[in-house]
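Visitor: I am new to this structure. Could you show it to me and explain the terms used for it?

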Amino acid sequence: VNPNVDFHAFAPEIVLTATILIVVVADLIWPERSRFMSSRIASVGVLAALIPVITLAADGANRAMFNGAYVVDNYALALKGFFLIVAYVSLLVAVDYISDGDYYQGEFYFLMLTSVLGMLIMASARDLITIFVALETITIPTFILAGWRKHDEGSNEAAIKYFLIGVLSTAVMLYGMSIIYGETRGSTKLIDIATYIDHHSMTSMFAVAIFFTIGGFAFKISAVPFHFWTPDTYEGAPTPVTAFLSVASKAGGFVALLTIVKVGFFPSQDSWEPVLWVLAAASMIYGNLVALRQTNIVRMLAYSSIAQGGFILVPLAVSGDGDAATASFQAVLIYLFIYAAMNLGAFAVVIAVARRTHSAEIDSFDGLGQSMPGLAVTMSIFLFSLAGIPPFAGWFAKFVMFRAVFAADTPSAVVLGVIAAVMSVVAFFYYAKVARAMWFHEPSPELANTPTHSITPALTVAIGIAAAVVVVIGIYPQFFARVGELAFLGT
Amino acid sequence: MDWFDDWALTLAVFIPAVGMLIVMLIPRAEEQLIKVVTLITTLITLGIGVAILADFNYDSARLQFNVKETWIDVINSNYHVGIDGISLPMLVLSMFITVLVVIYSWNHFPEPHNVKAFLALILLLEVGMNGTFVAQDLILFFIFFEIVLLPMFFMIGVWGGPNREYASIKFFLFTLFGSAMMLLSFLALFFLSDVQTFDIPALAALHGDGIVHGTQVLLFAGMFLGFAIKVPMWPFHTWLPDAHTEAPTVGSVLLAAILLKLGTYGFIRIALPILPSGAQTWAPWIGLLAVIGIIYGALGCLAQRDMKRLIAFSSVAHMGFVMLGVATLTTFGINAAVFGMVAHGLITGMLFFVAGSVQERYGTREMSRLGGMLEQMPHMGWILAFCAMASLGLPGLAGFWGEFPAILSSYDPKLPFGLWGGTDGTLWTFRTFMVVAAIGTVLAAGYLLWMLQRVAMGKVKPEFENLHVHDVHGAEWIAWSPMLILIVVLGVYPDLLFKITDPAVVKVVTEVARGVQ
């Protein structure tokens, strides 16, 4: 039987796939000096894929395909739009770094876009197998991207560590999923799993399966104690790839977790809430405390992203209590949006600074306020936003997180909220460390003699977009709040 | 003037923001232009303040210049601004001090100079300060309350003294911790109150109905942390001496004159009316911490060698009087507290100005090295003497009307039942506080006169004998005389301020009283 394919619903994926193919072919037939065109094609393709997302949103109808395994609704569209914009900014962040390295340009964009394709699929996936395929499409290209600087030992180590642990987590997750498949008498669709849980009492086997599945995702979102690949991989990988990993690919993992909890496991709170609670608390505490001691900014941002991941997990961990569900899911989404803007912005500045200093030590930011005030101002905005200081967007992310906690209104939720509050104060200390280096310290003599590069146009645009989002959303959060609200309407 | 009614407060908050943006667009080398733009911005803002003063209805306790527009619909938070007799003096004080601070800075910017960044930060600070005093929505209040932190952090960290990094981060972390807890309380309040709103007047109108006593006590604790750290009350005061000592003169002045008041203002505007029965339980404890602060601050002063650090500790003591007034939950006490806030802003602000000018001329604030200022710079010396007198609460000057009624009000606080059993217990608790606070005024006279004696009197020390020092110069006269005049005017005719605050204070106390029954 031919499945009934709705091509409009698939249009974003189709446009992106076409772009991927064009990038590969163009890279083969074009002469060496035109290789930079790959990046142009990639960015145009990503933006073109946004068009059907918009038309689908304007159309407004929920579309379900393949027996409900693949769904295009508000939630999926909001996330597709988000992933494409993040992909565009990630391309802007990467393009100069990649062309300076001057090899394998086509492959880089091919791999990155493939990963983005996985994210688009993830947004629509409502079935264990589709989620698994999407997750692997996201992850496998990033294994190669992490090792993209092939003559650099750090980059190789990053790729190998990431690969081994990624494969291990996949195995654990698949094992969990297979038990669920068996327990539910053969369903992979999330809705069927939810119905099964609703009508049957929980078996310990099922609880173990849920634990394994969530554990697998915990590797992907680098939640403590499944985080230990993160700092080494982030530090060793090329910085634009790290930016992509810490934002886009991490968001992919979160979306998978969110979908699976919301649609599938939701009725059995007792089995997943404690797991997520521990992951959230451990990530916030460990990530923030270890970040305090870092001297390398990429490593610091790695621990910061572990900690931020913990903050994003907080609403998810309390979503089963009381009437917290809607507020919690919205909070996860809004936090992800805001986190993407501020973290990409911070990485863009790190890359811009490293082009001049060739260093990722926090010391290399000394006196940046004097030598490159524009970069220093935007970096301060991103850092204070990450710390959650108004009027920058980060405050609203933290706010919706706390709102979910109080909507849940159980003692365990409130305890988690207090941990989050204390840890966001701790976090300020290490974010401020970079701000202090930029503004309070004098540049070291050798640094003072390094000429200041002008920042490349692509990086300027990337930093500009991120800073605009962080400032505008900080002052007028209603826009993201509304998107978050719409995403869960009618699902 | 309908138009003015709708826009006055918004302009008061955002004109400094516009000024800041303009300053940021001017090239760094155009220092003169930057100064002029900043001065004009602050003057226009003050002009709006004066117009508000003229247009304000002093007999009404209602919110005036009230504006409510949707802001973040999804979380039911609005852009709601408005002022009453409690906010008005603070708002105008904030505008007024900002102008004077810009004038004072005119020709002496602290190292590393950078006029552009310094003035842009002052303007941003003004946005936060003015905004906090007009906000009538908890989230809006929180945003402005936090905006203040960033400019002060940079001001201390970039232009501060040798230990600036430590002081700036300590300042930030203390306040951030407090405001995080405060935000948690706000959110819990949102979900617990019947109306699910962040609107301050709407919540105050409920006077705590529907929130059980135990919860109120807990929520009050969260807000208490946020506000008490800002005030700062003993034992959360430790950031203050460090921040003041390291901050540049102008930073110290703004910190003492306005920023500390954000905390006390928060108690009066938010914590008391919204959580009356929580406030009632906490009142004796707040009173206790306040009098400990009074005595501790005074003893701290007596142990200082650095003039600026001494003034910083005296702030702890003075804010103790303010908080004692608040803790009585009487109209008398809260009126005194608001008066004390304004008076402390003017007097301690002046003292920090003088300390800064002394530091600039002698290169030290070490009191053992100073001396004979009355000989070397008679004007400066007498100004210092005048401010010291005002600060110790000499009748006829502004300081008196903050301290004396606060002490008096604790003779008979309105607390029908408190933590320590029946009426009598609480009554005698507060009467004990009264006696301790009175001893505090004696100590205040002691440390201020002692400072005056060491700095202004006696002979000039040999190391500075041949130093040519300029007495009070032009910019200083312009910046200081309005403050000195106000200290006298408010001292001679305190009703000028009491008349403004009284209706609003009566309303707050009535709301508290209703919630307590």
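Guide: What follows is a set of questions and answers on this predicted model.

Visitor: Why is chain B called as compact as a globular protein of its length?

Guide: Chain B contains 20 helices and two strands. Its radius of gyration is 22 Å, and the globule rule gives 24 Å for 517 residues; the two values are close, so chain B is as compact as a globular protein of that length. Along the principal axes, its C-alpha atoms fill a box of roughly 70 × 55 × 40 Å.

Visitor: What share of the residues in chain B is buried?

Guide: Of the 517 residues, 67% are buried, the cut-off being under 20% relative accessible area.

Visitor: What makes helix α13 of chain B largely enclosed?

Guide: Of the 21 residues in α13(B), 20 are buried, so the rest of the structure largely encloses this helix. The helix covers residues 307-327 and reaches 30 Å from its first C-alpha to its last, close to the expected 30 Å.

Visitor: How do you know that B:D306 caps α13(B)?

Guide: A side-chain oxygen of B:D306 lies 2.7 Å from the backbone nitrogen of B:K308, at the N-terminal end of the helix. A polar contact requires N or O atoms within 3.5 Å, and 2.7 Å satisfies that.

Visitor: Why is A:S380 called buried?

Guide: A:S380 has 6% relative accessibility, and buried means under 20%, so A:S380 counts as buried. This residue sits in helix α15 of chain A.

Visitor: What makes the pairing of A:S380 and A:W439 a polar contact?

Guide: Their side chains make the contact at 2.8 Å, and the limit is 3.5 Å.

Methods:
Residues are numbered from 1 along each chain as its sequence is written. Chains are lettered from A and ligands numbered from 1 in the order in which they are written. This is a predicted model: local features need pLDDT of at least 70, side-chain atom pairs count only at pLDDT 80 or more; totals for chains, interfaces and linings use all residues. Side-chain values use heavy atoms; hydrogens and water are left out. Helices (H or I, at least four residues) and strands (E, at least two) are DSSP runs, numbered from the N terminus. The expected span of a helix is 1.5 Å times one less than its number of residues. Buried means under 20% relative accessible area, exposed over 50%, partly exposed in between (1.4 Å probe, protein chains only). A polar contact is a pair of N or O atoms within 3.5 Å; within protein, one must be able to donate a hydrogen and the other to accept it, and residues adjacent in sequence count only if both atoms are side-chain atoms. The radius of gyration is taken over C-alpha atoms; the globule rule is 2.2 Å times the number of residues to the power 0.38.
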